[in-house]
Amino acid sequence: MNAAMLGLPNTIHALLFDLDGVLTQTAKVHGVAWKEMFDAYLRERDGDSFTPFDPRRDYDTFVDGKPRLDGTRSFLQSRGIELPEGHDDDPPGTHTLRGLSNAKNDLVLKLIHDRGVEVYDGSVRYVHAARAAKLPCAVVSSSANCEDVLRAASIHDLFDAIVDGVVAKRDGLKGKPAPDTFLAGAAALGIAPANAAVFEDALAGVAAGRAGDFGYVVGVDRVGQAEALHTHGADVVVEDLDELTNGTTPPEAKA
Ligand SMILES: [Mg+2]
């Protein structure tokens, strides 16, 4: 087993996986929480005639894959709404960027607690195959709850490094679509970006892969946005990572 058998160019020596939507089925949970939080706020602001958060278009364009605070700011900007940033400890639902973000996080934690965390089996099989091929693997996620989610899904031990929202905040790393967190993931594995592959389901995530000049960017299409993943930076788009190991011709390294 080597990189080619994983459907990757043979120049790839390490793998960097997004969490929500790539390894775990938590992207849905995030979508539900974002919608509940934004709709509650918009209803308070505009009354019952408010225009609801679109769980497809608004989610994919403004919040998916980004750090929580950036997601809140980005969607509100799209509606021409500017709120003060507020403080870390603003009570959930306070009309500040941090207060609304805290409400969203509480909803996510409650949903994860109530529903548990489901993995994508094809992704877990793929990570096992990568480990069998002696390719180091890291998780690179904007989520501040990354470690909890990995443990809840019982896949924590599969990864050699974790760069999550907690690490990003500690080290002052810019969130996706900036490449900083993926670059930190490659550095944690001791591998140059050109020799690392990025696995992402979010438009902001594949854009981060492209911005960091990574050796290969795999877009994982869970919601029928293959074309947008390509235009934002994916070298290949699959619906499940199993497709990569089933392929017959390994891709060429990028020039
Ligand atoms: Mg994701």
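Donors are N, O and S atoms within 2.8 Å of the metal. With that in hand, let's look at this predicted model. Its magnesium ion has donors that follow the spacing D-x1-D-x180-D along the chain. Besides the metal site, we'll visit helix α3 (residues 68-78), which packs against both α1 and α4.

**The magnesium site**

- Which residues hold the magnesium ion? Asp18 (OD), Asp20 (O) and Asp201 (OD) coordinate the ion, at 2.1 to 2.2 Å.
- Asp20 and Asp201 bring together distant parts of the chain, as they sit 181 residues apart.
- Look for Asp20 in the loop between β1 (14-17) and α1, and for Asp201 in the loop between β4 (196-200) and α9 (203-211).
- Is Asp20 buried or exposed? Its relative accessibility is 12%, so Asp20 counts as buried, because buried means under 20% relative accessible area.
- Asp201 is buried too, with a relative accessible area of 5%.

**Where α1 meets α3**

- The axes of helix α1 (residues 26-46) and helix α3 come within 12 Å of each other and cross at roughly 45°.
- Why call this pair oblique? Angles under 35 degrees count as roughly parallel and 65 to 115 as roughly perpendicular, and α1 and α3 are therefore oblique to each other.
- The crossing of these two helices, α1 and α3, is right-handed.
- On the α1 side, the contact is made by Trp34, Met37, Phe38, Tyr41 and Leu42, while α3 brings in Arg68, Gly71, Thr72, Phe75 and Leu76.
- Sort the residues of this α1 and α3 contact by character and you get seven nonpolar, two polar and one charged.

**Where α3 meets α4**

- Helix α4 (residues 97-115) packs with α3 at an angle of about 115°, and their axes are 9 Å apart.
- Here, α3 passes α4 in a right-handed crossing.
- From α3, the contact uses Arg68, Leu69, Thr72, Arg73 and Leu76; from α4, it uses Leu97, Arg98, Leu100, Ser101, Lys104 and Asn105.
- This time, the α3 and α4 contact residues split into four nonpolar, three polar and four charged.

**A closer look at α3**

- Which residues of α3 are buried? They are Leu69, Gly71, Thr72, Ser74, Phe75 and Leu76.
- What do the buried residues of α3 pack against? Their partners are α1, α2 (57-63) and α4.
- Just after α3 comes Gly80, which takes a positive phi of about 70°.

How values were computed:
Residues are numbered from 1 along each chain as its sequence is written. This is a predicted model: local features need pLDDT of at least 70, side-chain atom pairs count only at pLDDT 80 or more; totals for chains, interfaces and linings use all residues. Side-chain values use heavy atoms; hydrogens and water are left out. Axes are lines fitted to C-alpha atoms, for helices over the stretch in contact, and angles run from 0 to 180 degrees between N-to-C directions. Helices (H or I, at least four residues) and strands (E, at least two) are DSSP runs, numbered from the N terminus. Angles under 35 degrees count as roughly parallel, over 145 as roughly antiparallel, 65 to 115 as roughly perpendicular and the rest as oblique. A crossing is left-handed if the near helix is turned anticlockwise from the far one by less than a right angle, and right-handed if clockwise. Contact means heavy atoms within 4.5 Å. Ala, Val, Leu, Ile, Met, Phe, Trp, Tyr, Cys and Pro count as nonpolar, Asp, Glu, Lys and Arg as charged, and the others, Gly among them, as polar. Donors are N, O and S atoms within 2.8 Å of the metal (3.2 Å for Na, K and Ca); water is not among the atoms, so sites may look incomplete. Buried means under 20% relative accessible area, exposed over 50%, partly exposed in between (1.4 Å probe, protein chains only).
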